[in-house]
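Hi,

Here is the structure I promised to send over. Have a look at it first, and then read on for what turned up.

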Amino acid sequence: MSLKLIEKRRSFGGEQCKYSHYSEVLQCGMTFSIYLPSNTEKKKIPLIWWLSGLTCTDDNFSQKSGFQRLAEKYQVAVMIPDTSPRGEHVADDDGWDLGKGAGFYVNATQDPWAKHYHMYSYIVDELTTIASTLVPHFSGEESIMGHSMGGHGALVIGMKNATRFKAISALSPILSPSRVPWGIKAFSTYLGEDQTSWKEWDASELVKESGIPPIFITQGTEDNFYREQLDETYFLKNAQENNQVVNYERMEGYDHSYFFIATFLEDHFSFHMKYLS
């Protein structure tokens, strides 16, 4: 593993860093960003993962959300992966909702995607090992959150690794990918037409399992994608029937943008810190 620091900026007392490395899992070069709080008292600090949405890179959240103020306030490190494999040799699609920038945080099984599109394993295994070497005084405690496609990713990764992540949150997440156009397009392409294989990547199915972490979701009512792509009905029905701890909030007048994310981000940090000692 050879990490290269390509950017480091002081922010709210801590450091916002950007790294590049070659991913063995994805078989391509990748970048990621990480925020390290000042931690002047040298205490044990936890780690929150942020997963971004369609068309994004690790730069969107680090440059648009202002999260650094909150990470410094709560003294928590924040890891921000990219959203897909990258490079000229990596399979892509003409559509903005598939291919590069749209990895959907699954492990693809269909050619030509199966060679590179293993974002789930990249985050859960490879990038996790890297993160543990970068966070000084790491407590070992983690939680995960994300937006839109990244909200889907946070829910899936969090619930599939329920003993690892203390809490899960999402803003405007794709909750039932097997039932909406974005998810159907991605799953049929990356995973194949057999829909039984989709269930392990669908939050509405995973929420039926016992022992999952507490979940907090915020959704804007004026989100252009809300009714067609981000419908919550099936997810909340399954959560209620299986007695899961889910707090789902609809915020009047808010859309899908980073104005929405920045507005409610402190609510999400506060939620995570209840479970990260």
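How much of the protein chain, out of its 277 residues, counts as buried? The figure is 59%. Bear in mind that this is a predicted model, so please read everything below as computed from it.

**Overall picture**

The protein chain has 9 helices and 9 strands. Its C-alpha trace spans about 50 × 40 × 35 Å along the principal axes. The radius of gyration is 17 Å, which agrees with the value near 19 Å that a compact globule of 277 residues would have. Contacts between distant parts of the sequence are plentiful: if you take the contacts with a separation of 6 or more, 72% come from residues 24 or more positions apart.

**Cysteines**

You may want to know about disulfides. The search covered the whole structure and found 0 of them. Take Cys56: the closest cysteine sulfur belongs to Cys28 and lies 18 Å away, so that is too far for a bond, given that a disulfide needs the sulfurs within 2.5 Å. Cys56 also counts as buried, because its relative accessibility is 8% and the cut-off is under 20%. Cys17 counts as buried too, at 3% relative accessibility.

**His147**

This residue sits in strand β6, which covers residues 138-147. His147 has a relative accessible area of 5%, so it is buried. What does its side chain reach? The backbone oxygen of His256, at 3.1 Å. Beyond its neighbours within four places in sequence, His147 is in contact with several residues, including Trp50, Leu51, Ser52, Gly53 and Leu171. Ile261 is also one of the contacts of His147, and Ile261 is among the buried residues of helix α9. Asn60 is 87 residues away from His147 along the chain, with 11 Å between the two C-alpha atoms.

**Helix α9**

Helix α9 runs over residues 258-273, 16 residues in total. From first C-alpha to last it reaches 22 Å, close to the 22 Å expected. Still, α9 bends by about 45° at Phe264. Phe264 is itself buried, and other buried residues of α9 include Tyr258, Phe260, Leu265, His268 and Met273. At the start of the helix, a side-chain oxygen of Ser257 comes to within 3.2 Å of the backbone nitrogen of Phe259.

Cheers

Technical notes:
Residues numbered from 1 in each chain as written. Predicted model: local features only at pLDDT ≥ 70, side-chain atom pairs only at ≥ 80, totals over all residues. Heavy atoms only, no water. Buried < 20%, exposed > 50% of the residue type's maximum accessible area, 1.4 Å probe, protein only. Helix = DSSP H or I, 4+ residues; strand = E, 2+ residues; numbered from the N terminus. Expected span 1.5 Å × (residues − 1). Bend = angle between axes of the 7 residues up to and from the residue. Polar contact = N/O pair within 3.5 Å; in protein donor to acceptor, adjacent residues only side chain to side chain. Rg over C-alpha atoms; globule rule 2.2 N^0.38 Å. Contact = heavy atoms within 4.5 Å.
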